[in-house]
Amino acid sequence: MKKIVCLLLLLFLVTGCSSNNENVLNVLNWSSYIPDEVIRAFEEETGIIVNYSTYSSNEELLAKISSAKTGTYDLIFPSDYMVELMIKRDLLEKMDTSLLENVSNLKEEYLGLEFDVNNEYSLPFLATTIVIAVNRDHVTDPISSYNDLLNEKFKNNIVLLDDQRIVIGMANQALGYSMNDVNATHLDNARDWLLTLKKNVKAFDSDSPKTFLITNEVDIGVMWNAEAALALQSNPNIEIIYPLENGALSLDNYAIVKGSKNTENAYKFIDYLLRADVMKTIIEEYPYINVNMETEKILDSSYLENPAANIPEEIIAKNEMVENIGSDISKYDRLWAEIK
Amino acid sequence: MNRIFKRLASLPISFYCLLLILLPLVYIFFLSFLKSDSYGGFTYVFTLQNYLKLFDVVYLKVFAQSFFIAFITTVICILISYPFCLFVNEKSKMVQSILMTLVILPFLTNSLIRTYGWMVLLRKEGIINTILLNFHIIKEPLSLMYNNLGIIIGMVYTLLPFMILPLYSSISKIDPRYIEAAKDLGASKLTIFFKIIVPLTVSGLFNGVLMVFIPCIGYFFISDLLGGGKLMLLGNLIKNQFLTARDWPFGAAISIALLLVTYLLVRIYRKSGGEMDDLGGL
Amino acid sequence: MQHKILKNLFIFLVFFFLYLPILVLVVFSFNTSRMNIVFEGFTFDWYKVLFENRSLLEAFKNTMIVSLVSTLCSTIVGTLSAYVLHRYNFFGKKLIVKLLYIPIVIPEIVLGISLLSIYTLMKLDLGMFTLILSHIAFSIPYVIISVKSVLTQLNPQMEDAAKDLGANAFHVFWNVILPNLVPGIISGAMLAFTLSLDDVVISYFTAGPGSNTLPLKIYSMIKTGITPDVNALSTIILVFTLFILILVSIKQMRKIKKEARV
């Protein structure tokens, strides 16, 4: 009995110590975004311990950042519109790009975008676009637009992202509106469109929609391009379709949280991820759209020849981005509860 | 010395009740009357808005869905548990204790892992469908999950022992002479069940109902994993208010509504003669 | 006769239902196929993968720390409190007795969000500390109930005798009462430990960066795809649980035998 008590006290001490560890970095990132090996290699190289947590939507990220005590998280990866919102709410620390040796690796076209014109608070990490992936083993009908998904034949055969901005945006685009439309009548139409589509939807999943395709649970999926690329890798009969509508582009960014206690480590980690070869490892495991010029030069054919990974520039150019719609978000919240 | 001991010894429990039970609940109650701002915070302005919002058709639907799932789950658990406990009760004492240990055993492993086991079984190309297809029992794979059926299977599975255990303990306390007497007087099996067994086990039954129905409303991970995120239950709604929609006051109001339902069920349980100490015992 | 077969069949079917998903995971943890659909060949690979997964091992370490520390604390507080509530009357006791049942009956999610709210209110860092505190919060009542059931069966004269011999209140509790409570304390602690080990809902709301527990880690693993190492992990957990259970029952058997001899 005494031995057990001693052991427990010892454990207690150990926990007390480990939480006081100085050399840490608290990263909050999307699930399935940076391979474990990359983080381990960084830890080995720098001796910094990375506490890595994940989220599956920008809204979840915002909630986590605003409810946690300042200093809880250091580095986050918000998407475009969320960067803008976080800047407005004073949640981000200004970035000092002079501390980043590899910042020149970034492609020009992804810098200075509207949500953070001078890249004062954020730098691009990866981009992603929405594609439709269709398993041609089972589905022969032509599919080119979101509206084609309403076909009654596809009952219970579609997986969608569990992301209200993307899914409602999809409905808006299918009806000819902008992805960020907040007009009440338009949103009513979007709801009706989604309720029709829902009959065909088997599941809403943001974390791993590819699994549904790979296990033949469904034959059609509307998902981020990397998920589709991975599905294609395991089943070559999957066809990748860029939707006829404008589609959605999302740019995820490095950003340092206001009040971060480990900014120096955060810069080290960003700089590490900006390296050409590190980004190559990331992008080969999770084939999103590359924003790194130097990585571009060394990418393998497996990435370049995958239509869901290497997205044509004209598609990216016509893509719409999710915008911050302010308090109108409550309309989206309600609509989302309505279709679920 | 004795008084000091009494004082000191009663401190931890008082602090515990105050800080970890009373304060959080009072705070949630307080929160539920605050106005939420669009930035995900709240302003200290009194409002009933959050409670009125509960009566919005959209959210009433969520309540209805959750209670429906919880109700079906509870009924299925009762239908399985009664015969199971009665049959087990007929075995020898030794066998009884082994069987009841076997009921508890799976629940000492991780509940998520067991839910994952069901995912492997229920998939379109999962084990059940594969076997049924290979034996030509079905032609098309059945939709066993990513719908209400999947959620109910998961809930029944996870919560069944919470019905079996209290029911078994009250069934095993029935004096067998009652049943024999009834038999001698020519009562049919159904009459014995409804006139003797059910009334004598009613507190165990309500104990089970309470321990099945209430968690069923809150287990968001089962509807997430086995329901495919298509059906919003109260657990998911509360989780969303706190972790994504950032409307804490509304989330607090839903929680208070849920507490009221719990309170009602506890009252029924107490009326049926149940003891508080018997609740939640695995 | 026929009745008996039907009854046994029903019992068997219920057990089949209870053990089916576990059986599936154990079998497929040795399957070479990643897809879990057909059994293709025997392998130990997933166990190797498991032990190379550092974040999983980290989560395991966290879970053990949280469960052990919270069990220790709630057992100490719970045992003492059960005695105090049983023995003394003091201001607020009635309210405390009522409050104690709250964590048992209310939906876990409500307890989770209300704890999260006050942690935010008090500006506490979400992490190991809040996690342990939350686990203590929901385990104490179970320990109290378990200890209380033994206390009510104790002979009150024992305490009086000790007092007559000049023992003070602390000595009575420590030397006379406590040794007699051991069975209740152990079963209370076991209950607290298993509840803590398996908690998903409350941990989901009260964990922070660097305090990922095993259930939370498994949740995200399941959500992000098919990973047979989850099967391997569950097999290990199952074997571990079985081992402990057998150990406990062997000890009990021995004790029963010993008592029988005496």
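The following legends describe close-up views of a predicted model.

**View 1. Chain B as a whole.** Chain B contains 13 helices and 2 strands. Its C-alpha atoms occupy a box of roughly 70 × 70 × 35 Å along the principal axes. Of the 282 residues in chain B, 57% count as buried. Among the contacts in chain B with a separation of 6 or more, 66% join residues that are 24 or more positions apart. The area that chain B exposes is about 12,400 Å², and carbon and sulfur atoms supply 70% of this area. Chain B carries 23 positive and 13 negative charges, and the mean positions of these two sets are 4 Å apart.

**View 2. The interface of chain B and chain A.** Here 23 residues of chain B are in contact with 24 residues of chain A. Between them the two chains bury about 2,300 Å², with 54% of that area on carbon and sulfur atoms. Across this interface 1 salt bridge is found. The side chains of Arg334(A) and Asp56(B) form a salt bridge, with a nitrogen-to-oxygen distance of 2.8 Å. Both residues also belong to a network of salt bridges, which links them with Asp188(A), Arg191(A), Asp192(A) and Glu338(A).

**View 3. Helix 8 of chain A and its cover.** Helix 8 of chain A spans residues 225–234 and is mostly covered, with 8 of its 10 residues buried. The buried residues are Asn225(A), Ala226(A), Glu227(A), Ala228(A), Ala229(A), Leu230(A), Ala231(A) and Leu232(A). Their cover includes three strands of chain A, namely strand 4 (122–135), strand 7 (220–224) and strand 8 (238–241). Helix 7 (209–214) and helix 10 (276–285) of chain A are also among the covering elements.

**View 4. A salt bridge within helix 4 of chain A.** Over all chains, the count comes to 30 salt bridges. One of the pairs consists of Glu84(A) and Lys88(A), whose side chains meet at 3.5 Å, N to O. Both residues lie in helix 4 (residues 80–88) of chain A, and because they are 4 residues apart, about one helical turn separates them. An α-helix has 3.6 residues a turn, so residues three or four places apart point the same way. Glu84(A) is partly exposed, at a relative accessible area of 25%, whereas Lys88(A) counts as exposed, at 60%.

**View 5. A salt bridge between Lys340(A) and Asp162(A).** The closest N and O atoms of Lys340(A) and Asp162(A) are 2.8 Å apart, and the two residues form a salt bridge. Lys340(A) lies in the segment after helix 14 (329–339) of chain A, while Asp162(A) is in the loop between strand 5 (158–160) and helix 5 (164–174), so the pair ties together parts that are 178 residues apart in sequence. Lys340(A) is buried, with a relative accessible area of 8%. Asp162(A) counts as partly exposed, at 28% relative accessibility.

**View 6. A salt bridge between two helices of chain C.** In chain C, the side chains of Arg87(C) and Glu159(C) meet in a salt bridge of 2.4 Å, N to O. Arg87(C) belongs to helix 3 (residues 54–87) and Glu159(C) to helix 8 (residues 156–164), and the pair links distant parts of the chain, 72 residues apart. Arg87(C) counts as partly exposed, at 29% relative accessibility, and Glu159(C) counts as buried, at 11%. Side chains of opposite charge can pair when their charged atoms come close.

Note on methods
Residues are numbered from 1 along each chain as its sequence is written. Chains are lettered from A and ligands numbered from 1 in the order in which they are written. This is a predicted model: local features need pLDDT of at least 70, side-chain atom pairs count only at pLDDT 80 or more; totals for chains, interfaces and linings use all residues. Side-chain values use heavy atoms; hydrogens and water are left out. Buried means under 20% relative accessible area, exposed over 50%, partly exposed in between (1.4 Å probe, protein chains only). Contact means heavy atoms within 4.5 Å. Accessible areas come from the Shrake-Rupley method with a 1.4 Å probe; for residues, only the protein chains shown count as cover. Lys and Arg count as positive and Asp and Glu as negative; His and the chain ends are not counted. The place of a charge is taken as NZ of Lys, CZ of Arg, CG of Asp or CD of Glu. Buried area is the accessible area (1.4 Å probe) that two parts lose on being put together, summed over both. A salt bridge is a side-chain nitrogen of Lys or Arg within 4 Å of a carboxyl oxygen of Asp or Glu.
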